[in-house]
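Student: Could you take me through one part of this protein in close detail? I would like to follow the salt bridges and the residues that make them.

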Amino acid sequence: MKTKKVMATVLSAVTALSMAGGMATTVKADDVTEITFPTSWVGVSVNTEWFQDRLEAFNEEYGDSIKVNVEEIAGDQNYVDKLKVLYSSNSLPDTFSTGGYNLIDSMKDQLVDLTDYVDDDWKKLATDACWDVNSRDGKIYGIPYTRQVIGYFYNKDLFAQAGIEKPAKTWDEFFEQCDKLLDAGITPLSMDTADSGWVTSLMLGAMIGESDEGEQFMNTMLPTDYNTKEFIDAATRIQTMFQKYTTPDAVGGKYENAASNFFMGQTAIIANGPWMISDFYDTSMVEDGFADKVGTAMYPGDVMYNSGKIGFNVASKDEKTLDATLTFVKFLTNEESQLKMLEITGDIPAMEGLTSDNVKPLVNEVIANGDKAAHSINDFQSLWYANVVDEISIQYPLLAQGEITPEEFAQALTDAAQKN
């Protein structure tokens, strides 16, 4: 393996006396390598503060040898569209990060194979799952710096009222706890169906992912066949959840309805990621002290959404520029930068076990759950065809109301996938 770094080499000013006229002329030659980096981390982007902090720190350390030419492009979609235009003219920038959008498969022929540049020390800065999502056919095309970790949240006070001491370890125990909550007059689950039924689909995927076969399915890019035992069994449980354990507004409801029910103590459980934690402290949304009532949990079977995101891609055209680009990318993905990302944006570091005393304790709990999960899966929105994700919102109400069977639900998604 080889890791390359451009050393600071600023040439001294060369002073020459002009014999004609006896005047002194100063000629300054700087060996500064320029690299290009377009970014959508501008304006109101949640990453703007982090990027400005990291860019300033990078310039302090490397500014005499590397100049980063930053092009600001507001809006994620505008950013991706611009990269597609640059790709079409074979003029991709030296490096770019699409915030999770996968451009590797469509632009791989113009990206640098980074495999030989990533040594063991660099590899340790991200989990295997993170490297996997940034690799194709055993070759590394992206450098990860963040990952997605999602479990579920529960109301400890409501659990205590129902005589529940801790989250369930199996799905059978989970449904027993739902029955206990019902017996105590508490609605167990926040659910939704609109906009892909995000909260509901997190539960669906977690059920699928509790077996080795299901874990493999949940980590498969663009599946076309949902007629598997794991999927149908999970859909059967989801149907039960809709019919027995959730609120009347779940069918047809959006994420906002599901979240509001949890905030108001109308439900005891909601599946979601750590970005929701800040809401637990927002007294315009919840009562004062609500966060103290919230616990975090892995899904039964020790399942967590613990997946990598696409990181920095590199498209430098020559070795000198590539050296400088890798120095920049390595700086933005090192342990300090990942820790700053966690503290400033709340994004979970790609590096395992990296926590901070400067974030809400619940965030660190979610990270710890992700690090010890027995089954790590990716979320459906990242891997399934867009029309399949859309189809979910059409089929969930029918499944909930018993108008279709779990088998018919699986077939409907299969039919949608096979149209691609």
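Tutor: Happy to; here is the setting, followed by the salt bridges and one further residue. Please keep in mind that this is a predicted model, where local features need pLDDT of at least 70, side-chain atom pairs count only at pLDDT 80 or more, and totals for chains, interfaces and linings use all residues. Residues are numbered from 1 along each chain as its sequence is written, and side-chain values use heavy atoms, with hydrogens and water left out.

Let us begin with the whole chain. The protein chain has 17 helices and 15 strands; these are DSSP runs numbered from the N terminus, with helices being H or I of at least four residues and strands being E of at least two. An automatic or database assignment sets the domain bounds, giving domain 1 (31-123 + 309-348) and domain 2 (148-305 + 373-416). The C-alpha centres of domain 1 and domain 2 are 34 Å apart. Of the 420 residues in the protein chain, 52% are buried, where buried means under 20% relative accessible area, exposed means over 50%, and partly exposed lies in between (1.4 Å probe, protein chains only).

Now for the charges. The protein chain carries 31 positive and 66 negative charges, and their mean positions are 4 Å apart. Here Lys and Arg count as positive and Asp and Glu as negative, while His and the chain ends are not counted; each charge is placed at NZ of Lys, CZ of Arg, CG of Asp or CD of Glu. Side chains of opposite charge can pair when their charged atoms come close. The structure holds 13 salt bridges, each being a side-chain nitrogen of Lys or Arg within 4 Å of a carboxyl oxygen of Asp or Glu.

Asp53 is a good place to zoom in. With Arg54, Asp53 forms a salt bridge whose closest N and O atoms are 3.0 Å apart. Arg54 is buried, at a relative accessible area of 2%, whereas Asp53 is partly exposed at 26%. Asp53 also meets Lys340 in a salt bridge, at 3.7 Å from N to O. That pair links distant parts of the chain, with Asp53 in helix α1 (residues 48-62) and Lys340 in helix α13 (residues 335-345), 287 residues apart. Lys340 counts as partly exposed because its relative accessibility is 25%.

A further pair is Lys82 with Glu71, whose side chains meet in a salt bridge at 2.6 Å, N to O. Here Lys82 sits in helix α2 (residues 76-88) and Glu71 in strand β4 (residues 66-72), 11 residues apart. Lys82 is partly exposed at 27% relative accessibility, and Glu71 is partly exposed too, with a relative accessible area of 35%. Back at Asp53, salt bridges that share partners join Asp53, Arg54, Glu336 and Lys340 into one network.

Finally, have a look at Thr33, in strand β3 (residues 33-39). Thr33 is buried, with a relative accessible area of 5%. Leaving aside residues up to four places away in sequence, Thr33 touches Ser65, Ile66, Lys67, Lys320, Thr321 and Ala324, a contact being heavy atoms within 4.5 Å.
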